[in-house]
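Please walk through the side-chain contacts of the structure shown here, starting with charged pairs and then turning to aromatic rings.

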Amino acid sequence: MNRRTKIVVLGCALLLTAGAAATATASGDAPRQREAAALTGTAKLYRSAGDDITFSFDAHLAAKDTADPTKATGTFEFSHYLNGEGARAKVKVDCLLTGGKVAVVSGVITSSDLPGAKGKRVGVTVHDVGGHDRLGYSWASTGSPVETKALPKCVSSAPFEKAKKGTGDFTVVPWRPDF
């Protein structure tokens with residue numbers, strides 16, 4: 001494509017974009033506001049012993065709640081199995097903080113087959129580095145979510161675990177608070 005054709009194509013694209021925005025404003029529709037923060041995606045963690053560890057996230061902070069990350073909504077799930085033994089848990093999100101490509105999400109376990117886990121707060125940190133995602137969790141030093149005592153909202157560990165190659169598809173929408 002020559003330079004003149006590129007300029008014409010770019011000009012048409014700009015006109016179409018401006019026209020769509022003007023149509024939305026003229027029809028009374030407000031421009032769509034992006035959410036304040038988000039963490040989505042699934043990954044399996046790499047373990048040389050062959051552990052099957054999976055984390056999945058669907059956590060969001062609405063634009064109207066930008067000033068309060070404890071108004072985040074959504075769920076996340078995790079499981080850890082080795083040789084047919086292990087547990088899984090589902091968590092209701094109660095806080096989401098993001099900065100750049102890093103997210104910290106916490107919540108309370110609503111269901112689990114790990115005895116004593118239901119009702120415990122857990123936190124997870126994700127570093128979205130595209131294809132080499134990393135993850136950390138609040139129970140890293142205790143060994144189990146059951147052993148964690150009175151964890152505050154939006155607390156976790158550094159993202160020290162590596163996602164298994166080809167499985168990390170986390171997406172972090174950075175938080176931009178007004179201060």
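In this predicted model, arginine 121 has a relative accessibility of 23% and therefore counts as partly exposed, since the buried class ends under 20%. Its salt-bridge partner is aspartate 94, and the closest N and O atoms of the two are 2.7 Å apart. Because arginine 121 belongs to strand β6 (residues 121–127) while aspartate 94 belongs to strand β4 (residues 85–99), the pair ties together parts that are 27 residues apart in sequence. Aspartate 94, for its part, is buried, with 11% relative accessibility.

This contact is one of six salt bridges that the structure holds. Another of them links glutamate 161 with arginine 47, whose closest N and O atoms are 2.6 Å apart. Here the glutamate sits in strand β8 (residues 161–162) and the arginine in the loop between β1 (37–44) and β2 (52–61), so that this pair ties together parts lying 114 residues apart in sequence. Glutamate 161 is buried, at a relative accessible area of 7%, whereas arginine 47 is partly exposed, at 26%. Salt bridges that share partners also bring in Asp51, and Arg47, Asp51 and Glu161 are thereby joined into one network.

A further salt bridge is formed by the side chains of lysine 64 and aspartate 65, with an N to O distance of 3.4 Å. The lysine of this pair is exposed, at 72% relative accessibility, while aspartate 65 is buried, with a relative accessible area of 11%.

Alongside these charged contacts, the structure holds nine aromatic pairs. Phenylalanine 55 and phenylalanine 57 have ring centres 6.3 Å apart and ring planes at 15 degrees, and because planes under 30 degrees apart count as stacked, this pair is assigned to that class. Both of its members are buried: phenylalanine 55 has a relative accessible area of 2%, and phenylalanine 57 has a relative accessibility of 5%.

The two phenylalanines also belong to a wider grouping, for Phe55, Phe57, Phe76, Phe78, Tyr137, Trp139, Phe160 and Phe170 form one aromatic cluster. Taken together, the contacts described here include a salt-bridge network of Arg47, Asp51 and Glu161, and an aromatic cluster whose members include Tyr137 and Trp139 as well as the stacked phenylalanines.

How values were computed
Residues numbered from 1 in each chain as written. Predicted model: local features only at pLDDT ≥ 70, side-chain atom pairs only at ≥ 80, totals over all residues. Heavy atoms only, no water. Salt bridge = Lys/Arg side-chain N within 4 Å of Asp/Glu carboxyl O. Helix = DSSP H or I, 4+ residues; strand = E, 2+ residues; numbered from the N terminus. Buried < 20%, exposed > 50% of the residue type's maximum accessible area, 1.4 Å probe, protein only. Phe/Tyr/Trp six-rings, centres within 6.5 Å; stacked < 30°, edge-to-face > 60°.
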